Amino acid sequence: YDFNIKGELRHLDTNESFVFNYYKNAHEQNHKRYQVLGHLITQYVYGLLERVCTLQKVYIPTDATEDEPRSFFFMSENALTSSFSLIVLLQDRGVFRAGQWGQRTIVREGLGHGTQIPFIKTALQSHRGVIVLNPNDNFVDPKTEKERLSFSTREEALNSTQSIWWIPKRGSSTPEEHTIYVWDHFISKSAAKNVAFIAHGYGGLVFVDLLVQRKWEVMNKVYSVAFIDSTHNMQHQTRSDPQIQEWILKHCCEWVSNCKTPNKAFGSCMKVNCPTVSARVDKYDLAPSCCLRAIFKYLNSTLKAK
């Protein structure tokens, strides 16, 4: 398999889409085959971030010893020095790594829908700095030196005899910890006076956690947040802090998957925390790519208003 000129994954000989159930009545074998494909896609997207988007890979923790397991994230060359604007991308929880909205979406719909590359290019074209977080890169296996394929399999590993071999990456053992580490050591120290977050699914919960943990820093530096089908819980996470709730109401907007008219607020899905609009699609996996233009229009208008 390889990606064609349209960014679609196709078989080199038959030009057919990826076949999930390649082996008959062999779920485990098919699953392993898909995991191998997922690992290759991850490496491929990493390459695109550096080669096509000209982003730099930054290893963390910054004080790691030579043999210590490390995580990393990506950022544009001027991300920390540009005083204009900085956009931070924060994806959902799962097997996918930096630069991906969803691995299955990449396989089924192509790079244009499943990766964050269109968002990165749009941000760079408008002279914004970009930081691409890598919140799901949490563990390493010292026996094989192969990185953990998914956060969800962590529970499986904890119940197996091999669980002792999985070592958490310091500063990135959870999506929340990774995001706070990058905030503390990079984003908060950046020259950018205007920081915006685009957060999908569990990434929304992670952002609200950051807001609670670094309340005044985030409220002073972040001017806008675009949630996409966010799983955050306003009351539970903010502990009914009126200042945080008021800030979210004023500075955040959420796009929700449904079949209704695009970009129109609809009462049934209104949250008490922020305005909610349609993502113009009823498929959760396609929501990020389908509301790209609307999100950047929103970020531009809120920055202009500020």
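In this predicted model, helix α4 passes helix α12 in a right-handed crossing. The two axes come within 11 Å and cross at roughly 35°, with α4 covering residues 117-125. On the α4 side, the contact is made by Pro 118, Phe 119, Thr 122 and Ala 123, and these meet Leu 292, Ile 295 and Phe 296 of α12. Sorted by class, the contact between α4 and α12 has six nonpolar residues, one polar residue and no charged residues.

Helix α12 itself deserves a closer look. It runs over residues 292-305, and its 14 residues should span 20 Å at 1.5 Å a residue; the end C-alpha atoms are 20 Å apart, so expectation and model agree. The buried residues of α12 are Leu 292, Ala 294, Ile 295, Phe 296, Tyr 298, Leu 299, Thr 302 and Leu 303. Leu 292, Ile 295 and Phe 296 thus appear both in this buried set and in the contact with α4.

Ile 295 also turns up in the interior. The largest nonpolar core has 48 residues, and Ile 295 is listed with Ile 198 and Trp 255 as having the most contacts inside that core. A second core, separate from the largest, has 38 residues, among them Tyr 181, Leu 205, Leu 211 and Val 222. In soluble globular proteins, nonpolar side chains tend to be buried together.

Turning to another helix, His 39 lies in α1, which covers residues 27-51. His 39 counts as partly exposed because its relative accessibility is 40%, between the 20% and 50% cut-offs. His 39 and Gln 103 are 64 residues apart in sequence, and their C-alpha atoms are 9.8 Å apart in space.

Note on methods:
Residues numbered from 1 in each chain as written. Predicted model: local features only at pLDDT ≥ 70, side-chain atom pairs only at ≥ 80, totals over all residues. Heavy atoms only, no water. Helix = DSSP H or I, 4+ residues; strand = E, 2+ residues; numbered from the N terminus. Expected span 1.5 Å × (residues − 1). Buried < 20%, exposed > 50% of the residue type's maximum accessible area, 1.4 Å probe, protein only. Core = buried A, V, L, I, M, F, W, Y, C linked by side-chain atoms within 4.5 Å. Axes fitted to C-alpha atoms, helices over the stretch in contact; angles between N-to-C directions. Left-handed = near helix turned anticlockwise from the far one by under 90°. Contact = heavy atoms within 4.5 Å. Nonpolar A, V, L, I, M, F, W, Y, C, P; charged D, E, K, R; others polar.
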